[in-house]
Structures are given as structure tokens and as C-alpha cells.
Amino acid sequence: MPPTERPASDIPFERLFPQLDDSGRERLTAAARALDLRRSLDDPARWFWNEPDPAEPQPEPEAHPHVLGTALLLYESDGDWLELGLDVWHQEGPRVSVTATVEVACWCELDHNMHAVQRAEWTADGGQALVEAFNAAALSVIRRIEGPRDPRDLRTRAGLPNPPEPVPDADDGTTVDGGMAPSHHTP
């Protein structure tokens with residue numbers, strides 16, 4: 001089933017995490033809304049989640065299926081970008097992992113789409129532990145919003161390639177050919 005894309009207020013925590021009580025669901029909703037409130041005006045609140053569809057046959061199991069996530073866009077220009085992510089993944093048995101990431105656009109020869117240049121992970125094996133892990137990840141993302149927003153610098157620190165420098169336009173008065181072009185003046 002394709003993931004859903006909606007604001008935090010629409011996340012069906014009761015279906016995604018049935019082990020939680022009302023208090024736990026309220027705390028998850030509050031943390032998700034806190035992230036939504038810190039988005040820029042041009043980055044709408046979008047959460048993605050996957051829940052099984054009882055009418056659909058079960059797909060092939062994934063090693064660690066994605067349950068819930070969001071990304072907060074901090075920078076985007078000329079195909080380059082920087083975003084923060086918060087994701088929840090199913091693990092073995094009742095365990096889940098909650099991750100907070102700083103992601104930059106990929107400029108490798110083989111385009112991987114993005115690289116997580118910073119990542120923190122919390123593992124939880126019960127309802128209360130999930131709430132604590134989700135809150136810790138959300139707080140980590142909120143704190144990081146005020147951090148550096150230059151994806152070039154973050155890629156450099158991670159040892160990743162940056163996009164090529166733009167070639168100056170010939171109309172801007174700079175010399176593209178190193179000054180060796182024949183002049184258009186006659187002696």
C-alpha cells in the first residue's frame with residue numbers, strides 16, 4: 001500500500017502503535033505537532049506512514065519496514081537541498097527504532113538521492129519506550145533546526161562530493177577562457 005502523506009494531526013497512532021494507551025498517543029501527537037510548528041512556510045506539514053490494508057494480500061516482508069516518518073526542508077536551491085528527518089522502523093518482534101537524521105542531496109557519480117550526514121537512533125521494545133524514543137528524536141530534530149544550513153559544508157565534513165561550481169555566464173563580464181580568446185578589435 002502506498003504511504004499516506006498528511007499533517008501530524010491525522011497520524012493514526014492508535015492503528016500504527018496499538019500497544020500505546022491514550023496518554024502515549026497524546027504524547028506522540030504533541031511531539032509530531034511540535035515538529036510541524038517549526039516548519040518554514042514553504043514546507044507544508046507532511047507525515048508519511050504505512051499501515052497494512054486488510055483487503056490487500058500481505059506483500060513480501062521487508063527486513064525493517066518503515067512505519068512513520070517526516071522530513072523538514074531547511075534549504076533548497078538549484079537541485080541542492082538539506083533536510084531533517086524523523087523515522088520509525090519496525091525491528092524484530094515488538095521492537096522499533098526511531099531515527100533522527102540530517103540529510104543532504106547526493107552529488108556522487110552514481111546518484112543515491114541523499115546521504116544522511118548525521119544520524120541518531122533510539123531503540124524501543126515497549127509502549128513507554130517508544131514514546132520516550134520518539135520524543136527524544138523529535139527534540140533532537142527541533143534542536144538541529146537552528147544549526148548550519150549549508151549542505152556543501154556538511155557534505156565536505158562527511159567526505160562527500162559537492163556539486164560542481166557553476167560556470168560563469170559569458171555576459172557577466174568574467175573571462176571564461178582564461179583571457180586567451182582572440183579580441184574582436186582590429187589594430
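How exposed is Asp153, in terms of relative accessibility? At 31% relative accessibility, Asp153 counts as partly exposed, because the partly exposed class falls between under 20% for buried and over 50% for exposed. The model discussed here is predicted.

## The salt bridge in helix α4

Asp153 has a charged partner. Its side chain meets that of Arg157 in a salt bridge, at 2.5 Å from N to O. Both residues lie in helix α4, which spans residues 151-157. They sit 4 residues apart, about one turn of the helix.

Arg157 falls in another accessibility class. Its relative accessible area is 56%, so Arg157 is exposed, given that the cut-off for this class is over 50%. The pair thus joins an exposed arginine to a partly exposed aspartate. A further set of residues forms a network: salt bridges that share partners link Asp36, Arg39, Asp43 and Arg46.

## Other salt bridges

The structure holds 10 salt bridges. Side chains of opposite charge can pair when their charged atoms come close. Asp22 and Arg25 form one of these bridges, with the closest N and O atoms 2.3 Å apart. Both belong to helix α2, residues 22-37. They are 3 residues apart there, so about one helical turn separates them. Arg25 has a relative accessible area of 18%. That is under 20%, so Arg25 counts as buried.

Arg15 pairs with Glu14. The closest N and O atoms of this salt bridge are 3.7 Å apart. Arg15 has 51% relative accessibility and counts as exposed. Glu14, at 41%, counts as partly exposed.

## Strand β5 and its neighbours

Is β5 enclosed or open to the outside? Of its 10 residues, 10 are buried, so β5 is largely enclosed by the rest of the structure. Val96, Val98, Ala100, Val102 and Val104 point one way from the strand. Ser97, Thr99, Thr101, Glu103 and Ala105 point the other way. Both sets are buried.

β5 pairs with β4 and with β6. β4 and β5 run antiparallel and are joined by 9 bridges. Leu86 stands opposite Ala100 of β5. The two strands form a hairpin, with 5 residues between them. In the turn, Gly93 has a positive phi of about 60°. On the β6 side, 10 bridges join the strands, again antiparallel. There, Val104 has His115 in β6 as its bridge partner.

## The second largest pocket

The second largest pocket has a volume of about 240 Å³. Four elements each give two or more residues to its lining: β3 (66-77), β4 (80-90), β5 (96-105) and β6 (114-124). β4 gives the most, with 5 residues.

Which residues lie nearest the centre of this pocket? They are His66, Thr70, Asp87, Trp89 and Glu103, out of a lining of 15 residues. Glu103 also appears among the buried residues of β5, on the side that holds Ser97, Thr99, Thr101 and Ala105. By chemical class, the lining divides into 5 nonpolar, 6 polar and 4 charged residues.

Methods
Residues are numbered from 1 along each chain as its sequence is written. This is a predicted model: local features need pLDDT of at least 70, side-chain atom pairs count only at pLDDT 80 or more; totals for chains, interfaces and linings use all residues. Side-chain values use heavy atoms; hydrogens and water are left out. On a 1 Å grid over the protein atoms alone, a cavity is a set of points where a 1.4 Å probe fits but cannot get out, and a pocket is an open set with protein on both sides within 12 Å along at least five of seven lines; lining residues have an atom within 4 Å of a point. Grid points are joined across faces, edges and corners, and a volume is the space filled by probe spheres set on the points. Ala, Val, Leu, Ile, Met, Phe, Trp, Tyr, Cys and Pro count as nonpolar, Asp, Glu, Lys and Arg as charged, and the others, Gly among them, as polar. A salt bridge is a side-chain nitrogen of Lys or Arg within 4 Å of a carboxyl oxygen of Asp or Glu. Buried means under 20% relative accessible area, exposed over 50%, partly exposed in between (1.4 Å probe, protein chains only). Two strands pair if DSSP finds at least two bridges between them.
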